[in-house]
Amino acid sequence: MSMIAAFYGGKSILITGATGFMGKVLMEKLFRTSPDLKVVYILVRTKAGQTTQQRVFQILNSKLFEKVKEVCPNVHEKIRAIYADLNQNDFAISKEDMQELLSCTNIIFHCAATVRFDDPLRHAVQLNVTATQQLLLMASQMPKLEAFIHISTAFSNCNLKHIDEVIYPCPVEPKKIIDSMEWLDDAIIDEITPKLIGDRPNTYTYTKALGEMVVQQESGNLNIAIIRPSIVGATWQEPFPGWVDNLNGPSGLIIAAGKGFLRSIRATPMAVADLIPVDTVVNLTLAVGWYTAVHRPKSTLIYHCTSGNFNPCNWGKMGFQVLATFEKVPFEKAFRRPNADFTSNIITSQYWNAVSHRAPAIIYDFYLRLTGRKPRMTKLMNRLLRTVSMLEYFVNRSWEWSTYNTEMLMSELSPEDQRVFNFDVRQLNWLEYIENYVLGVKKYLLKEDMAGIPEAKQHLRRLRNIHYLFNTALFLIAWRLLIARSQMARNVWFFIVSFCYKFLSYFRASSTLKV
Ligand SMILES: CCCCCCCCCCCCCCCCCCCCCCCCCCCC(=O)SCCNC(=O)CCNC(=O)[C@H](O)C(C)(C)COP(=O)(O)OP(=O)(O)OC[C@H]1O[C@@H](n2cnc3c(N)ncnc32)[C@H](O)[C@@H]1OP(=O)(O)O
Ligand SMILES: NC(=O)C1=CN([C@@H]2O[C@H](COP(=O)(O)OP(=O)(O)OC[C@H]3O[C@@H](n4cnc5c(N)ncnc54)[C@H](OP(=O)(O)O)[C@@H]3O)[C@@H](O)[C@H]2O)C=CC1
């Protein structure tokens with residue numbers, strides 16, 4: 001019997017960010033392993049014209065929840081969606097709902113965040129810092145609360161090379177930052193943002209670091225733990241391999257590469273690709289929830305959920321395997337054949353951007369114009385290159401994260417818990433994982449049918465022929481122009497032609513002699 005699964009039985013659990021990538025997998029695993037839990041409160045806002053109920057309905061009817069419905073047929077009765085906007089005071093939660101949350105909650109998993117790299121500082125502070133502070137305040141008024149689990153990121157201290165399981169202070173106190181956001185206007189905030197974030201690459205990593213400081217400062221008597229996952233990818237095993245539902249991290253780039261838009265990137269092939277499957281993160285999170293509530297560690301423990309020091313893989317190997325998978329299961333209607341040029345040199349990278357990305361986009365737009373259609377490729381390419389430039393920071397460096405707490409927790413689990421809540425990435429086979437990841441992107445993000453693979457392969461063969469034809473034509477035109485202008489080129493050309501002629505004559509003569 002799993003002790004962790006039994007622990008969550010009969011509990012009232014509050015999850016923020018339950019509609020997000022990690023939140024959904026967390027909810028799924030909770031219901032599948034502890035179907036006798038009392039209730040899961042989720043804080044949900046309305047979005048894209050959907051009510052909170054409609055959003056929950058959509059999640060429960062997705063493929064991700066198919067297994068849950070078998071184990072826990074009344075799952076819809078156990079989810080209590082509470083309207084909340086984490087950008088508002090008291091999260092805009094009604095008095096009755098707030099009362100229920102305060103009096104009933106046993107465990108909190110705080111997953112909500114803005115993960116955008118380019119969010120204005122004001123917005124990132126509001127969600128990743130102020131909302132965390134408010135949630136802690138709520139938590140301090142919950143008499144039945146046993147544990148508060150805060151999800152941060154392994155990159156909150158990406159300005160360091162070696163990162164321990166401790167909270168590193170930021171030069172400016174989070175409270176001062178929160179206060180200043182109230183009276184500074186947007187223009188001034190934009191101006192001081194680079195100075196505040198210092199040697200971090202974006203507002204996301206900076207505000208996640210501030211969020212951790214807030215957790216430390218406001219922890220009071222609460223039982224708190226912080227989890228720091230690295231780059232969260234598709235599921236490894238559960239509920240099935242390869243599930244993914246958003247474009248963050250590598251997923252968007254896999255699409256861009258598979259469709260032939262992205263053919264080169266400024267990346268260091270030997271740098272560690274610290275990817276971690278989302279189900280591994282969720283298993284560790286649930287184990288940490290149990291450990292924090294039951295063992296009540298004296299201080300806030302931080303758990304690194306990373307793969308690099310257990311089972312390292314590098315970007316070169318990853319890119320190679322992604323390409324190999326495209327050979328077997330190509331994406332439909334590719335713009336060009338997938339290719340991967342890694343370069344860590346800025347000038348070479350700019351050259352490839354011009355030749356492999358911008359030029360084909362311009363040519364294609366010219367073709368669209370000629371055929372009376374609206375050009376769109378250059379705009380799309382500019383957007384993609386902007387995205388890639390934001391991710392480049394993470395594919396050109398390696399970090400070392402110490403994992404004492406994570407290893408300690410692993411050793412505390414019973415063999416059954418180690419199996420049911422497996423977060424040991426030493427067992428992960430990267431080649432298999434990446435293949436399933438690419439397949440998952442094709443199935444769950446692009447919604448492409450496997451029956452379309454022969455047609456997709458045929459399309460790629462056509463693209464290859466067009467590519468050869470185009471290159472040959474380009475070469476002949478360039479050569480013809482050169483011959484017209486340079487005596488030396490003409491001499492070389494006559495030399496090659498006469499050499500070929502002599503060779504053919506010799507070959508013909510010797511074959512006639514043999515007969
Ligand atoms: C060696 C590398 C190999 C690469 C070789 C290249 C050659 C290819 C061959 C093989 C391919 C191999 C692929 C392997 C992958 C390697 C790359 C992996 C990079 C990993 C970096 C991750 C770093 C994570 C560090 C921190 C982790 C965390 O803690 S947080 C989670 C991470 N957060 C994010 O990823 C958020 C990033 N996104 C944003 O910040 C924003 O979306 C944006 C700034 C990028 C864009 O904002 P904008 O307002 O312009 O647009 P938006 O409205 O958001 O979207 C516009 C359209 O773009 C699409 N989109 C969004 N995100 C992505 C994305 N990540 N990739 C691609 N496309 C994306 C979005 O859907 C929109 O589309 P339309 O609706 O059609 O317009
Ligand atoms: N994905 C990754 O690679 C990594 C993620 N993390 C961390 O993991 C956690 C979860 O990330 P992930 O699931 O990937 O992120 P997602 O972007 O998929 O999910 C974010 C969640 O936060 C919710 N949210 C955002 N703003 C508000 C708001 N104003 N009010 C209510 N809810 C809001 C979103 O709700 P809605 O659906 O309404 O937008 C969504 O449920 C985050 O803390 C992130 O920092 C850490 C390392 C890597």
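How many nonpolar, polar and charged residues does the shell around ligand 2 have? The points below address this question and then turn to one strand of the fold.

1. The structure is a predicted model. In the shell around ligand 2, the residues divide by class into 13 nonpolar, eight polar and five charged.

2. Ligand 2 is surrounded by 26 residues, of which the closest are Thr19, Arg45, Lys47, Arg55 and Tyr204. Two helices, H2 (21-33) and H10 (203-217), each contribute at least two residues to this shell.

3. Polar backbone atoms also approach the ligand. A nitrogen atom of ligand 2 lies 2.9 Å from a polar backbone atom of leucine 86. An oxygen atom of ligand 2 is 3.0 Å from a polar backbone atom of cysteine 111, and for isoleucine 151 the distance from a polar backbone atom to an oxygen atom of ligand 2 is 3.4 Å. Of the 880 Å² of accessible area that ligand 2 has on its own, the protein covers 91%.

4. Strand E11 (residues 301-305) merits separate comment. Five of its five residues are buried, that is, under 20% relative accessible area, and the strand is therefore largely enclosed by the rest of the structure. Leu301, Tyr303 and Cys305 point one way from E11, whereas Ile302 and His304 point the other way; all are buried.

5. The pairing of E11 with strand E7 (residues 224-229) should also be noted: the two run parallel and are joined by five bridges. Within this pairing, proline 229 stands opposite cysteine 305 of E11, and Cys305 is one of the buried residues described above.

Note on methods:
Residues are numbered from 1 along each chain as its sequence is written. Chains are lettered from A and ligands numbered from 1 in the order in which they are written. This is a predicted model: local features need pLDDT of at least 70, side-chain atom pairs count only at pLDDT 80 or more; totals for chains, interfaces and linings use all residues. Side-chain values use heavy atoms; hydrogens and water are left out. A residue is near a molecule or strand if one of its heavy atoms lies within 4 Å of it. A polar contact is a pair of N or O atoms within 3.5 Å; within protein, one must be able to donate a hydrogen and the other to accept it, and residues adjacent in sequence count only if both atoms are side-chain atoms. Accessible areas come from the Shrake-Rupley method with a 1.4 Å probe; for residues, only the protein chains shown count as cover. Helices (H or I, at least four residues) and strands (E, at least two) are DSSP runs, numbered from the N terminus. Ala, Val, Leu, Ile, Met, Phe, Trp, Tyr, Cys and Pro count as nonpolar, Asp, Glu, Lys and Arg as charged, and the others, Gly among them, as polar. Buried means under 20% relative accessible area, exposed over 50%, partly exposed in between (1.4 Å probe, protein chains only). Two strands pair if DSSP finds at least two bridges between them.
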